[in-house]
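Biologist: I would like to walk through this fold with you. Shall we begin with the terms?

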Amino acid sequence: MSEAFFEVEGLNTWFFTRMGIFKSVRDVSFDLRRGEVLGIVGESGSGKSVTGMSIMGQVEEPGRTVSGSIRLDGEELTSLSFEDMRRCRGRRIAMVFQNPLMTLNPLMRIRDQMYEAISEHESVSEDEMHQRCLDALRAVGIPSPEERLTAYPHELSGGMRQRVVIATALLLNPDLIIADEPTTALDVTIQAQIIHQMRRQIDERGLGMIWITHDLATLSELADRILVMYAGAMMETGTTAEIIGSPRHPYTSKLLESVPSRNVPGEKLRQIRGTMPSLLSLGAGCPFMGRCEHATDACARGVPERMFSQTHRVWCHHPLEV
Ligand SMILES: Nc1ncnc2c1ncn2[C@@H]1O[C@H](COP(=O)(O)OP(=O)(O)O)[C@@H](O)[C@H]1O
Ligand SMILES: [Mg+2]
């Protein structure tokens, strides 16, 4: 297996509010190889988006990345100047959000927005920009791309808009794409099509991708490895087969149980009992202990890291037997 080109180590991002310090990302580490998709999964509020924004260097006030290292091809991103980081965003790292309307300007034709994305980083002829846009739109399965280029965002369906955003992210051939719940708002069939096209682009272009979702089911077809987060911390990480086939953390197992089976129509999403603890008052213990059937007194005192394979690691006193 090739070397990791992207590494996050000991990332901590906190929000300094009047109520106190919300420790949204606590000691998160992972790496990524080219052609690989890492899925980051967890319930709402577990720190997934803040992890993505930390990598982009775009955590908003009153938040700050207080420690940690983020390296792309060995280059430390946390010490880049504002201007260098701006150049890095878009060209080397692109981000796709859940709501395409956050990225698309409603008053501009698709073509002009895509041209702008290119010309912000490179100077190329209009002919070449045109060709690149068509290629990118085709790559994500957009039919009649010529016509879409002259459309305004509101003239496209939600699924088409999200494809346009993904195509725009691909325009500059980045090394890494961070996609934050990009298909959550779309129906299951469209989700599956986009996921299929993304997988192909990743394989063909050899780029790395971080796919953030609260839905483990979307990862089974797409991700090579999965990181399970809870209350800002890593709970378990492993290959997709390890996480979905033999989860060791009680939290991962609960997450899997809450995935509705696609072949039972009308089945409701089962919620995990209890709620996440406040990020203001987290101690050294396991953040999941209050909701965990296996918890003992030991869980209040630190969390040991257990290795089950070269790739499979769990932070838990009482990992499940398989
Ligand atoms: N702008 C903010 N100000 C204060 N706290 C924030 C802000 N953004 C995020 N947080 C805190 O970080 C936590 C994790 O947020 P987030 O990464 O968005 O969760 P996820 O994407 O996993 O649903 C939130 O529950 C909240 O406590
Ligand atoms: Mg989020």
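Modeller: Two strands pair if DSSP finds at least two bridges between them. Helices (H or I, at least four residues) and strands (E, at least two) are DSSP runs, numbered from the N terminus. The model is predicted: local features need pLDDT of at least 70, and side-chain atom pairs pLDDT 80 or more, while totals for chains, interfaces and linings use all residues. Residues count from 1 along each chain as written, chains are lettered from A and ligands numbered from 1 in the order written, and side-chain values use heavy atoms, without hydrogens and water.

Biologist: Which residue in E5 stands opposite Leu72?

Modeller: Strand E4 covers residues 63-72. Two bridges join E4 to E5, and the two run antiparallel. Opposite Leu72 in E5 stands Glu75.

Biologist: In what order do the strands of the four-stranded sheet lie?

Modeller: This sheet is open, with antiparallel pairing. Its edge strands, E2 (20-33) and E5 (75-76), each pair on one side only. The order is E2-E1-E4-E5.

Biologist: Which strands of that sheet does H1 touch?

Modeller: H1 packs on the sheet, and contact means heavy atoms within 4.5 Å. Its direction makes about 110 degrees with that of E1 (4-17). Angles run from 0 to 180 degrees between N-to-C directions, with axes fitted to C-alpha atoms, for helices over the stretch in contact. The strands touched are E1, E2 and E4.

Biologist: Why is one side of E6 and of E11 left without a neighbour in the other sheet?

Modeller: Eight strands form this open sheet, with mixed pairing, in the order E6-E7-E8-E3-E9-E10-E12-E11. E6 (93-96) and E11 (305-307) stand at the edges, so each has a single partner strand.

Biologist: Which residue in E9 faces Ile40?

Modeller: E3 (residues 37-41) and E9 (residues 225-230) run parallel, joined by four bridges. Opposite Ile40 stands Leu227.

Biologist: At what angle do H6 and H7 pack?

Modeller: H6 spans residues 158-170, H7 residues 188-205, and their axes are 11 Å apart. They are roughly parallel, because angles under 35 degrees count as such. The angle is about 10 degrees.

Biologist: Which residues in H6 meet H7?

Modeller: On the H7 side the contact includes Ile190, Gln193 and Arg205. From H6 come Gly159, Arg163, Ile166 and Leu170.

Biologist: Which residues does UniProt list for "domain: ABC transporter"?

Modeller: The entry is unreviewed. Positions follow the numbering used here, feature names are shortened, and annotations may be inferred rather than shown by experiment. In the model the span is 39% helix and 28% strand, with its end C-alpha atoms 26 Å apart. UniProt lists residues 8-256.

Conventions
Parallel < 35°, antiparallel > 145°, perpendicular 65-115°, else oblique.
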